[in-house]
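Me: I'm new to this structure, and I'd like a close look at its pockets and at the aromatic rings. Could you walk me through them in one go?

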Amino acid sequence: MIKLEVVYKSFGKRVLFKDLSLEFEAGKTTALLGPNGSGKTTLIKILLGLVIPQKGRVLFNGKETKNNSLYKKLIGYMPQIPEFPENLTPMEIVRMVEDLRGEGAKRLEEMLHLLRLEGEMTKRFINLSGGTKQKVGALIALAFDPPILLLDEPLVGLDPVSALRLKNFILEEKKRGKTIIYISHIMSEIEELADRLVFITEGSIVFQGSIEEVKSSTGKDRLEEAVLCLLS
């Protein structure tokens, strides 16, 4: 379980989170929704230890993350826009991350086949297409078989075949009991993948619960319409 307890984070005079408390249930897929600027990316960076809140605690499996970097090996993170050293090849990036994590990419061959990256691994990252760079981001997030996945718009920029293959893989990971936090603006993806929704706006949680609960609470049959009600 991932837990945030009364987290406070400000940037200068702007308070982004004030007494934010939130739980991500182990073995479930939680969709993190909200308009641009609502705090989703900052929340992900807090979970990754890239942004440190001024107050509050972040816990993974009951252990506080402060002054403890070992929990990061539990996480596979796929950003919306992957950024790696541009002069390296994807294979060199894999080896670099293996050194950083202190472990091998145990599902490397499986992911290379799934993402159809076999012919791209010796090319410089700077020379790859946008969609291929996205696949490299997926490769790094998934090849180490971590129990927790943080996926930020993972299907954006992929061709339809690759997007379908990756979506089906995520569904299989869900069945295997992975804890997944999923950011997307595509409601059809959310309905297919998510067990729960957390909707954030202006740094505050305005809804958390199942898809059926958000539909019921707003009186809407379609998730798109229910989400629009949360914005109003």
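**Pockets and rings**

Reply: Happy to. Strand β4, residues 55-60, gives the most to the lining of the second largest pocket, contributing 4 residues. Please keep in mind that this is a predicted model. That second largest pocket holds about 280 Å³ of space. Its lining is made up of 18 residues, and those nearest the centre are I52, P53, T65, K66 and N67. Sorted by class, the lining of this pocket has 6 nonpolar, 7 polar and 5 charged residues.

Strand β4 also leads us to the rings, of which the structure holds 2 aromatic pairs. F60 and Y71 make up a tilted pair, with 4.7 Å from centre to centre and 45 degrees between the planes. F60 belongs to strand β4 while Y71 sits in the loop between β5 (63-64) and β6, so this pair ties together parts that are 11 residues apart in sequence. Are these two rings buried or exposed? F60 has a relative accessible area of 4%, and under 20% means buried. Y71 is buried as well, at 6% relative accessibility.

The other pair is formed by F84 and F125, and it is edge-to-face: the centres are 5.5 Å apart and the planes are at 90 degrees. Here F84 lies in the loop between β6 and α2, and F125 in the loop between α3 (108-115) and α4, so the pair ties together parts that are 41 residues apart in sequence. Both F84 and F125 are buried.

Now to the largest pocket, with a volume of about 690 Å³. It is lined by 21 residues, and L48, Y77, V97, R101 and I140 are the closest to its centre. Two or more lining residues come from each of β6 (75-78), α2 (90-101) and α4 (130-142). Among these, α2 gives the most, with 4 residues. The lining of the largest pocket divides into 14 nonpolar, 3 polar and 4 charged residues.

R101 is worth a second look. Besides being one of the residues closest to the centre of the largest pocket, R101 has its charged end over the ring of F144, 4.8 Å from the ring's centre. A charge over a ring turns up elsewhere too: K9 lies over the face of F11, 4.9 Å from the ring centre.

To find your way around on screen, you could begin at strand β4, which helps line the second largest pocket and holds F60 of the tilted pair. From there, go on to α2, which gives 4 residues to the lining of the largest pocket.

Notes. Residues are numbered from 1 along each chain as its sequence is written. This is a predicted model: local features need pLDDT of at least 70, side-chain atom pairs count only at pLDDT 80 or more; totals for chains, interfaces and linings use all residues. Side-chain values use heavy atoms; hydrogens and water are left out. On a 1 Å grid over the protein atoms alone, a cavity is a set of points where a 1.4 Å probe fits but cannot get out, and a pocket is an open set with protein on both sides within 12 Å along at least five of seven lines; lining residues have an atom within 4 Å of a point. Grid points are joined across faces, edges and corners, and a volume is the space filled by probe spheres set on the points. Ala, Val, Leu, Ile, Met, Phe, Trp, Tyr, Cys and Pro count as nonpolar, Asp, Glu, Lys and Arg as charged, and the others, Gly among them, as polar. Rings of Phe, Tyr and Trp (its six-membered ring) pair if their centres lie within 6.5 Å; planes under 30 degrees apart count as stacked, over 60 as edge-to-face and the rest as tilted. Buried means under 20% relative accessible area, exposed over 50%, partly exposed in between (1.4 Å probe, protein chains only). A charge sits over a ring if NZ of Lys or CZ of Arg is within 6 Å of the ring centre and within 35 degrees of the ring normal.
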